[in-house]
Amino acid sequence: MATDQKELDAKIQEMFNQFDFDKSNSIEEEELAKAMEAISPGVSKEVVHQTFVALDLDKNNKLTLDEFKNFVYKSLTS
């Protein structure tokens, strides 16, 4: 794996850890809401919910690190 890839993965892991406020190794919708509110004050609950549903690929009401990475990689390439 290239160094750039390792650095990107480390940054994504760090961001994931910052959003995982309860340190459960997953991001719940409420945690995503806090993170999105910090980035975009006044974001609506509906936007948060739609974003969460789109990211929660296995539909277990938690975002795993892999689901989060998938989102970040798609964001970087679109």
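This is a guided tour of a predicted model, moving from its largest pocket to the aromatic rings, one helix and the loops.

Before selecting anything, note that residues are numbered from 1 along each chain as its sequence is written, and that side-chain values use heavy atoms, with hydrogens and water left out. Since the model is predicted, local features need pLDDT of at least 70 and side-chain atom pairs count only at pLDDT 80 or more, while totals for chains, interfaces and linings use all residues.

**Stop 1: the largest pocket**

Rolling a probe the size of a water molecule over the atoms shows where empty space is left. Here the largest pocket has a volume of about 180 Å³. A pocket is an open set of points, on a 1 Å grid over the protein atoms alone, where a 1.4 Å probe fits, with protein on both sides within 12 Å along at least five of seven lines; the volume is the space filled by probe spheres set on the points, which are joined across faces, edges and corners.

Select Phe19, Leu32, Ile39, Phe68 and Phe71, which are the closest to the pocket centre of the 13 residues that line it, a lining residue being one with an atom within 4 Å of a point. Colouring by helix is useful next: H1 (3-19), H2 (29-39), H3 (45-55) and H4 (65-77) each supply at least two residues of the lining, where a helix is a DSSP run of H or I with at least four residues, numbered from the N terminus. H4 gives the largest share, five residues. Colouring by class then shows 11 nonpolar, two polar and no charged residues in this lining, with Ala, Val, Leu, Ile, Met, Phe, Trp, Tyr, Cys and Pro counted as nonpolar, Asp, Glu, Lys and Arg as charged, and the others, Gly among them, as polar.

**Stop 2: the aromatic rings**

Keep Phe68 and Phe71 selected and add Phe16 and Phe19, because these four form one aromatic cluster. A pair of aromatic rings is described by the distance of the centres and the angle of the planes. The structure holds three aromatic pairs, a pair being two rings of Phe, Tyr or Trp (its six-membered ring) whose centres lie within 6.5 Å, called stacked if the planes are under 30 degrees apart, edge-to-face if over 60, and tilted for the rest. Phe68 and Phe71 form a tilted pair, at 6.4 Å centre to centre and 50° between the planes. Both of these residues lie in helix H4, three residues apart, about one turn of the helix.

Now colour the two rings by accessibility, with buried meaning under 20% relative accessible area, exposed over 50%, and partly exposed in between (1.4 Å probe, protein chains only). Phe68 counts as buried at 2% relative accessibility, whereas Phe71 counts as partly exposed at 34%. A distance label from Phe71 to Ala54, which is found in helix H3, should read 9.3 Å between C-alpha atoms, for residues 17 apart along the chain; Ala54 itself is exposed, with a relative accessible area of 52%.

**Stop 3: the two sides of H2**

Select Glu31, Leu32, Ala35 and Met36, which are buried in H2. They cover an arc of only 130° around the axis, and therefore lie on the same side of H2, the arc being that of the directions from the helix axis to the C-beta atoms. On the other side of H2, Glu30, Lys34 and Ala38 are exposed. Lys34 also lies over the face of Phe21, at 5.0 Å from the ring centre; a charge sits over a ring if NZ of Lys or CZ of Arg is within 6 Å of the ring centre and within 35 degrees of the ring normal. Ala33, also in helix H2, counts as partly exposed at 25% relative accessibility, and its C-alpha atom is separated by 8.3 Å from that of Val43, 10 residues apart along the chain.

**Stop 4: the loops**

Move to the loop between H1 and H2, where Glu28 is found and counts as buried at 16% relative accessibility. The C-alpha atoms of Glu28 and Asp56, 28 residues apart along the chain, are separated by 9.6 Å. Asn25 is in the loop between H1 and H2 as well, and is exposed, with a relative accessible area of 62%; it has a positive phi of about 65° although it is not a glycine.

Finally, select Asn61 in the loop between H3 and H4, where a positive phi of about 65° again occurs in a residue that is not a glycine. Asn61 counts as exposed, at 56% relative accessibility.
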